[in-house]
Amino acid sequence: MKEKLEKIKNEILENLAKVKSLEEWQNLEVKYLGRKGVFTEILRSLTGLSIEERKTIGKLANDIKLELQENFKNVAEILEGKKSVGFVDPTLPGIKLPQGHIHPMTIVQNELEDLFISMGFMVLDGPEMESDYYNFEALNIPKHHPARDMQDTFYVDKKNDEGELDLVMRTQTSSMQVRAMQKYGAPMRCVIPGRCFRSEATDVRHEHTFYQLEGVMVGEGISLANMKSVLETVAKHLYGPETQVRLRPKFYPFVEPGANGEVTCFICGGKGCRLCKDTGWLEIFGSGMIHPNVLKAGGIDAKKYTGFAFGFGLTRLVMLKYGIGDIRLLQSDDLRFLEQF
Ligand code: DAH
């Protein structure tokens, strides 16, 4: 009996908590506490109990009825607007809502954009789906050139009038070099950060989608020394004033001479460690003096102007900066990863 009373009490309180109007309140009051209400019925049924039981259960039932009446009265007053819902402590900490934040790729991209803007560079955007011409041919990489093998890409399944596939997902931000020259001419300096794609068998170091940051500067008398100075400024900004830049010859079809750019390893300071594979150097960009053929494709007089171009592996910079061991995490949308930044 005792349990039954408690159960009914809880049920009534639960229903009372859901009441939203005086009308609902009235219906509930009649149903439970009215003359013919559930609770009155229960009290009546006590007559069948022994005197002893009637005493204890009767008292309990009465106590519960009083408690319920008190609760009903409270709710009525709240509904009539005579009473506020309860005490509100404004000094308690609020409920923290989940908030998004900037992706590590974007953090590093923004930082570099700011730096280049401070050096007078424009920041440009370019198409991710690009013509074979701008991605390869204009960059001195003719069809069937072996240099294409290194950048096996995704072709868009649509043939041109000559029956060739000529739309590709850009494999490099270098695709914007000629577009920028055609549009702005010389003198000009710009950077182009953006997404690139390659048909890769993915693993911890390879991903089909990644980011680069391209830079182009053309003008009268622009030399390799200018290029090294700009790249040194970037390296020192990224890894501190002690950082040095080392350029080593490397072939890229669109520059001559071309160079592989390395910076002093920021973990060991050049002594050699696991990150730099004991070399003391980290490879972070490709660069070189723009090939005359590329200047020509850009409509620039190669006899009057010279220029340099460079391309940073933006994804690689992010992985190095945050010590990310698996490139695939960056695009995984995994909150356990993203919430760490
Ligand atoms: N586009 C090259 C790549 O994806 C990187 C590069 C090398 C860019 C040399 C340049 C450059 O502008 O001059 O591997």
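Where in the structure is the place of Glu256? Glu256 sits in strand S7, which covers residues 255-264. UniProt lists Glu256 under "binding site", and the entry that says so is unreviewed. With a relative accessible area of 52%, the Glu256 side of things is easy to classify: the residue is exposed, because the cut-off for that word is over 50%. Keep in mind as you look around that this is a predicted model.

Now turn to the ligand. The shell around the ligand is made of 16 residues, and those that come nearest are Gln172, Ser174, Arg198, Gln212 and Glu214. Sorted by character, the shell has nine polar residues, five nonpolar ones and two that are charged. Three strands each put at least two residues into that shell: S5 (209-219), S8 (281-290) and S9 (306-313).

Some of the contacts can be followed atom by atom. In the side chain of Ser174, an N or O atom is 2.9 Å from a nitrogen atom of the ligand. Gln212 also uses its side chain, with an N or O atom 2.9 Å from an oxygen atom of the ligand. Ala309 works through its backbone instead: an N or O atom there lies 3.0 Å from a ligand oxygen. As for how covered the ligand is, taken alone it exposes 360 Å², and the protein buries 91% of that.

Stay with Gln172 for a moment, since it is one of the residues that come nearest to the ligand. The backbone oxygen of Gln172 lies 3.0 Å from a polar side-chain atom of Ser175. Ser175 belongs to the loop between strand S3 (167-169) and helix H7 (176-184). Is Ser175 buried or exposed? Ser175 counts as buried, because its relative accessible area is 1% and the cut-off is under 20%.

Next, the charged pairs. The structure holds 14 salt bridges, and a few of them are worth a look. Lys9 pairs with Glu67, their closest N and O atoms being 3.2 Å apart. This pair links distant parts of the chain, 58 residues apart: Lys9 is in helix H1 (residues 2-17) and Glu67 in helix H4 (residues 51-79). The two partners fall into separate accessibility classes: Lys9 is buried at 12% relative accessible area, whereas Glu67 is partly exposed at 35%.

Which helices does the salt bridge of Glu111 and Lys321 tie together? The side chains of Glu111 and Lys321 meet at 3.2 Å, N to O. Glu111 lies in helix H5 (residues 104-118) and Lys321 in helix H10 (residues 314-322), so the bridge ties together parts that are 210 residues apart in sequence. Glu111 is partly exposed, with a relative accessible area of 25%, and Lys321 is partly exposed too, at 40%.

One more pair is Asp334 and Arg336, a salt bridge whose closest N and O atoms are 2.7 Å apart. Here Asp334 counts as partly exposed at 22% relative accessibility, while Arg336 counts as exposed at 67%. Elsewhere, salt bridges that share partners join Glu6, Lys9 and Glu67 into one network.

Methods
Residues are numbered from 1 along each chain as its sequence is written. This is a predicted model: local features need pLDDT of at least 70, side-chain atom pairs count only at pLDDT 80 or more; totals for chains, interfaces and linings use all residues. Side-chain values use heavy atoms; hydrogens and water are left out. A residue is near a molecule or strand if one of its heavy atoms lies within 4 Å of it. A polar contact is a pair of N or O atoms within 3.5 Å; within protein, one must be able to donate a hydrogen and the other to accept it, and residues adjacent in sequence count only if both atoms are side-chain atoms. Accessible areas come from the Shrake-Rupley method with a 1.4 Å probe; for residues, only the protein chains shown count as cover. Helices (H or I, at least four residues) and strands (E, at least two) are DSSP runs, numbered from the N terminus. Ala, Val, Leu, Ile, Met, Phe, Trp, Tyr, Cys and Pro count as nonpolar, Asp, Glu, Lys and Arg as charged, and the others, Gly among them, as polar. A salt bridge is a side-chain nitrogen of Lys or Arg within 4 Å of a carboxyl oxygen of Asp or Glu. Buried means under 20% relative accessible area, exposed over 50%, partly exposed in between (1.4 Å probe, protein chains only). UniProt positions are given in the numbering used here, feature names are shortened, and annotations may be inferred rather than shown by experiment.
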